[in-house]
Number of protein chains: 2
Amino acid sequence: MKVIKLTGIKQTIRGFRFSAVPAGIKKAGTDRLDFGLILSDTPAQAAGVTTTNLVFAAPVEITRKRLQSGLCQAVLLNSGNANAYTGDQGKLDALDLTAATAEALRIDPELIVPMSTGVIGNPLPKERMLHGIPDLVKKLDSGTFMDVAKAIMTTDTVPKTVVLDGETGSGPFKMLGMAKGAGMISPDMATMLCVILADMNVRAGFLNECLVEANSASFNCITVDGDTSTNDTLVVMAGGRADALTLGNKSSDCESFCSALKDACMGLARQIVQDGEGATKVIEVRVVGAPSKEKAAQVARKIAESPLVKTAFHGEDPNWGRIICSAGRAGVPFDPGNLDLSIGGVPIVRNGKLVSEDWEMAAHTAMKNREFQVTLDLRSGDGEWSILTTDLSEEYVTINADYRS
Amino acid sequence: MKVIKLTGIKQTIRGFRFSAVPAGIKKAGTDRLDFGLILSDTPAQAAGVTTTNLVFAAPVEITRKRLQSGLCQAVLLNSGNANAYTGDQGKLDALDLTAATAEALRIDPELIVPMSTGVIGNPLPKERMLHGIPDLVKKLDSGTFMDVAKAIMTTDTVPKTVVLDGETGSGPFKMLGMAKGAGMISPDMATMLCVILADMNVRAGFLNECLVEANSASFNCITVDGDTSTNDTLVVMAGGRADALTLGNKSSDCESFCSALKDACMGLARQIVQDGEGATKVIEVRVVGAPSKEKAAQVARKIAESPLVKTAFHGEDPNWGRIICSAGRAGVPFDPGNLDLSIGGVPIVRNGKLVSEDWEMAAHTAMKNREFQVTLDLRSGDGEWSILTTDLSEEYVTINADYRS
């Protein structure tokens with residue numbers, strides 16, 4: 001399956017319609033899209049995963065509850081306000097907004113899931129949003145997938161979308177996905193909103209299994225700053241129209257669908273890292289030879305989140321000592337005198353010793369690339385894991401030190 | 001007891017002599033001090049704590065072993081090179097250097113502990129250092145405490161020293177301490193070298209108990225970037241001269257000494273944070289009302305290490321949502337709907353709700369101070385803990401993205 005990044009073209013998927021409007025959530029009186037709607041023709045099978053943060057937003061709570069039915073017909077999304085830590089009022093606001101949307105669409109409100117992203121702790125500008133709903137519903141005839149992808153952007157500099165086509169015994173299927181996220185990005189369910197649509201009927205239970213697996217292999221393998229947000233939500237909807245094909249039970253068909261979902265998630269996860277706040281590079285930190293997969297992940301995350309490692313990446317400095325130092329404090333037992341380390345394919349440490357060849361200039365040159373890999377072999381087992389991370393730049397600080405207003 | 005920062009004055013403590021020379025470790029042919037020696041007249045009682053990193057430097061290994069005797073007569077320190085991840089050669093180098101110093105001093109090499117700080121992974125320039133030893137020993141007659149404090153600086157912008165006087169039933173005592181550290185600073189034994197000297201005989205076992213307690217309440221409560229180094233070493237030496245008084249057994253005397261040691265450690269720890277790489281502010285993150293002290297520490301550290309919180313500190317932005325979001329991912333159970341949060345003494349969240357008063361401008365103003373406190377009351381128990389942290393500035397990135405050479 002080929003993952004194609006959408007770039008501004010009007011992209012469609014059978015069974016789903018889209019719309020977005022400027023509702024003045026980010027800033028009143030501007031024409032920046034900040035309120036979006038995705039609607040399927042019929043209730044679609046659906047599954048979702050949400051933030052692991054103890055503090056979660058009102059829309060997350062509602063989404064968790066509503067997706068238990070395994071069905072979803074619409075997603076109501078906004079940027080500019082996370083509706084997090086807004087107490088009972090926040091929950092009431094999200095319920096009111098989905099109710100008003102349901103009424104305008106003439107569907108069951110339990111079939112609408114809300115998603116919000118933006119500043120934590122401010123009440124939603126509900127009146128302005130309610131006012132935007134008729135327009136949002138009207139624009140479903142002309143709106144595009146890309147409109148919604150743009151409406152959920154916050155510090156993102158580009159909309160993040162994927163499209164891919166798959167083939168099963170029952171026939172072909174298509175998948176379309178969008179995501180937002182650039183900061184507060186960390187494993188344990190990356191910080192983001194993400195919706196993936198498929199035009200084939202898939203049993204909700206199986207959809208859920210696929211999603212958990214795809215999420216674990218994609219969004220849980222990226223980090224920008226190690227912060228996990230209150231609003232992370234990833235929802236997949238499948239089917240959505242009366243004449244949709246149904247995924248067969250053959251294992252090859254199931255694998256084909258799962259694999260497509262994994263590709264879609266990985267495609268979006270990679271775009272999130274590429275667009276990480278202030279990021280100029282994407283680095284894959286790959287740990288192999290660990291006592292287990294979990295231990296490999298633990299070491300990879302420690303390296304991928306170390307400010308000293310990330311600033312060295314930014315300076316294109318093959319400061320391998322910082323990498324090994326980070327690994328050493330991950331709480332995973334290994335023999336420091338028996339490991340291999342390479343940066344950008346250039347071996348630097350072999351068998352616990354600096355290589356005798358001249359590695360410095362070669363590694364420095366490899367780090368000039370926009371993407372490169374760091375590979376650490378602990379030679380203590382078969383466990384392996386990769387985390388995609390960014391460099392840490394002055395720009396990251398500038399973006400996040402900027403006053404909220 | 002009053003902690004006084006030393007500022008350039010020639011400071012002395014009975015029983016100890018000091019010296020430092022430029023040995024060309026940082027850069028050959030310059031006159032930057034990078035090699036230092038502390039010598040006590042007689043073997044002093046000694047205790048130490050060292051890094052918790054699985055990857056530890058050669059001098060750390062030697063120091064751990066030699067301090068088991070509870071005695072130490074000299075400390076040989078260098079900056080510019082950590083002698084970490086340098087394998088068997090690194091250990092041999094440290095042994096050779098302490099042996100040559102012992103010979104020149106005519107003392108037992110087992111009574112000398114080495115401390116190194118600087119870049120990881122490069123062999124020590126041993127020949128140049130051996131060459132500097134005669135000079136180092138000769139200068140013991142004229143060298144100062146401040147010379148050594150300067151010789152261990154790396155990215156530090158100022159030397160870090162404390163002096164304090166205490167009183168016991170056996171008579172008065174004096175304590176003198178020095179430390180280096182500005183980056184790779186994190187709890188679990190802060191990243192640094194530190195030597196504290198006292199002019200009173202104290203049983204090594206008791207000295208060790210005091211040190212563990214003082215370390216836990218000071219250096220383990222600070223963070224700059226969450227990275228723990230390979231070289232962290234804190235050594236305390238007590239006595240050191242033939243006519244030194246001996247600390248009595250009265251509990252008030254013991255408390256007096258322990259309290260002085262704690263004050264000395266805290267004084268140095270605070271200076272390390274104040275001089276944190278790129279830091280423009282020192283923030284005390286105080287968590288109270290946690291289920292236990294350990295849980296309070298876990299939440300405080302998560303907040304104190306969050307890049308999003310630290311950049312908001314830098315921007316003097318009372319972005320309280322980021323603070324609560326960080327707390328929520330610390331893995332500690334609490335009720336988000338029942339907490340209190342204040343920044344710089346300005347209440348923002350009370351009982352899980354934003355206060356009705358106008359807090360924004362007051363909190364922003366409080367954050368303009370060079371030091372302020374963030375207090376989070378989880379209202380879930382009696383556990384409390386504080387961590388001192390810095391803001392995260394563009395300057396931190398610039399310092400650390402700079403190529404090593």
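Two strands count as paired here if DSSP finds at least two bridges between them. Keep that cut-off handy for the first stop, and remember that you're looking at a predicted model.

Start in chain A with residues 346-350, which form strand β14(A), and add β15(A): the two run antiparallel and are joined by two bridges. To see one partnership up close, pick R350(A), whose bridge partner in β15(A) is K353(A).

Now bring up the rest of the sheet. It's an open one of six strands in chain A, ordered β15-β14-β13-β16-β12-β17, and the pairing is mixed. Colour β15 (353-354) and β17 (383-390) of chain A: these are the edges, and each has a single partner strand, so one side of each has no neighbour in the sheet.

Next, select residues 251-274 of chain A. That's helix α6(A), which packs on the sheet by touching β12 (282-290) and β17 of chain A. Its direction makes about 45 degrees with that of β17(A). Then jump to 293-305 for helix α7(A), which also lies across β12 and β17 of chain A; this one runs at about 25 degrees to β17(A).

Last stop: show chain B as well. Here 49 residues of chain A are in contact with 48 residues of chain B. On the chain A side, highlight α8 (307-314), α9 (320-328), β15 and α11 (394-401), the elements that give two or more residues each. Which element gives the most? That's α9(A), with seven residues. Colour this side of chain A by class and you'll get 19 nonpolar, 21 polar and nine charged residues.

Key. Residues numbered from 1 in each chain as written. Chains lettered and ligands numbered in written order. Predicted model: local features only at pLDDT ≥ 70, side-chain atom pairs only at ≥ 80, totals over all residues. Helix = DSSP H or I, 4+ residues; strand = E, 2+ residues; numbered from the N terminus. Contact = placed C-beta atoms within 7 Å. Axes fitted to C-alpha atoms, helices over the stretch in contact; angles between N-to-C directions. Nonpolar A, V, L, I, M, F, W, Y, C, P; charged D, E, K, R; others polar.
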